[in-house]
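This note sets out some points on the structure for a colleague at the bench. The points are numbered so that each may be checked against the structure separately.

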Amino acid sequence: MFADLGRLLPQEFNSKERCVQWCRNKQLGLKHSLKLLSKERECLMIRVPITNEIVSIYGEPDEIAWLHLELVKSDSYTYK
């Protein structure tokens, strides 16, 4: 899996657990702070708080589905 922040080099993860931890770190300890922009089979797009960055996370379809469920279970998304 890797996250594209719109910069020169994407952030790469060697496991899906590290990716979900990275997403939780981007929340800055705030629940309901990530905004889900879109979810497709191989891509998840979220907006992070404070910096207002749009992050595209790419991976296998089962990894993206698992990441989405983990973020839902941990109350990471805002639904406004």
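1. In what follows, a contact means heavy atoms within 4.5 Å. The model under discussion is a predicted one. Serine 56 serves as a starting point; this residue is found in strand 5. Leaving aside residues up to four places away in sequence, serine 56 touches Phe2, Ala3, Asp4, Cys43, Leu44 and Met45. Serine 56 counts as buried because its relative accessibility is 10%, the cut-off for buried being under 20%.

2. In what order do the six strands of the sheet lie? The sheet is open, its pairing is mixed, and its strands follow the order 2-1-5-4-3-6. Strand 2 (11-12) and strand 6 (77-78) stand at the edges with a single partner strand each, so one side of each has no neighbour in the sheet.

3. At one of these edges, strand 1 (residues 2-4) and strand 2 run antiparallel and are joined by two bridges. Within this pairing, alanine 3 has glutamine 11 of strand 2 as its bridge partner. Alanine 3 is also among the residues that serine 56 touches.

4. Two helices should be considered together with the sheet. Helix 1 lies across strand 1, strand 2, strand 3, strand 4 (43-47) and strand 5 (54-58), and runs at about 170° to strand 5. Helix 2 (residues 61-73) also packs on the sheet, where it touches strand 3, strand 4, strand 5 and strand 6. The direction of helix 2 makes about 30° with that of strand 4.

5. How many salt bridges does the model contain? The count comes to three. In one of them, the side chains of glutamate 70 and arginine 24 meet at 3.7 Å, N to O. This pair links distant parts of the chain, since glutamate 70 belongs to helix 2 and arginine 24 to helix 1, 46 residues apart. Glutamate 70 counts as buried because its relative accessibility is 17%, whereas arginine 24, with a relative accessible area of 29%, is partly exposed.

6. Glutamate 70 has a further salt-bridge partner in lysine 73, at 3.1 Å, N to O. Both residues lie in helix 2, three residues apart, which is about one turn of the helix. Lysine 73 counts as exposed because its relative accessibility is 62%. Arg24, Glu70 and Lys73 are thus linked in a network of salt bridges.

7. The surroundings of arginine 24 merit a separate remark. Not counting residues up to four places away in sequence, arginine 24 touches Glu70 and Ser74. Between arginine 24 and leucine 36 there are 14 Å in space, C-alpha to C-alpha, and the two are 12 residues apart in sequence.

8. Which residue forms a salt bridge with lysine 26? The partner is glutamate 53, and the side chains meet at 3.0 Å, N to O. This pair, too, links distant parts of the chain: lysine 26 is in helix 1, while glutamate 53 is in the loop between strand 4 and strand 5, 27 residues apart. Glutamate 53 counts as buried because its relative accessibility is 14%.

9. The loop between strand 4 and strand 5 also holds isoleucine 50. Although isoleucine 50 is not a glycine, its phi is positive, at about 65°. Is isoleucine 50 buried or exposed? With a relative accessible area of 72%, it is exposed, because the cut-off for exposed is over 50%.

10. Histidine 32 likewise has a positive phi, of about 55°, although it is not a glycine. Its place is in the loop between helix 1 and strand 3. Histidine 32 counts as partly exposed because its relative accessibility is 42%.

11. Leucine 28 lies in the loop between helix 1 (16-26) and strand 3 (34-39). Leucine 28 counts as exposed because its relative accessibility is 53%. Which residues make up the nonpolar surface patch? Leu28, Leu30 and Ile50 form this patch, whose area is about 330 Å². One member, isoleucine 50, comes from the loop between strand 4 and strand 5, while leucine 28 comes from the loop between helix 1 and strand 3.

Terms used: Residues are numbered from 1 along each chain as its sequence is written. This is a predicted model: local features need pLDDT of at least 70, side-chain atom pairs count only at pLDDT 80 or more; totals for chains, interfaces and linings use all residues. Side-chain values use heavy atoms; hydrogens and water are left out. Patches are made of residues with over 30% relative accessible area and no salt bridge: like charges are joined within 9 Å, nonpolar side chains (Val, Leu, Ile, Met, Phe, Trp, Tyr) within 5 Å. Accessible areas come from the Shrake-Rupley method with a 1.4 Å probe; for residues, only the protein chains shown count as cover. A salt bridge is a side-chain nitrogen of Lys or Arg within 4 Å of a carboxyl oxygen of Asp or Glu. Helices (H or I, at least four residues) and strands (E, at least two) are DSSP runs, numbered from the N terminus. Buried means under 20% relative accessible area, exposed over 50%, partly exposed in between (1.4 Å probe, protein chains only). Two strands pair if DSSP finds at least two bridges between them. Axes are lines fitted to C-alpha atoms, for helices over the stretch in contact, and angles run from 0 to 180 degrees between N-to-C directions.
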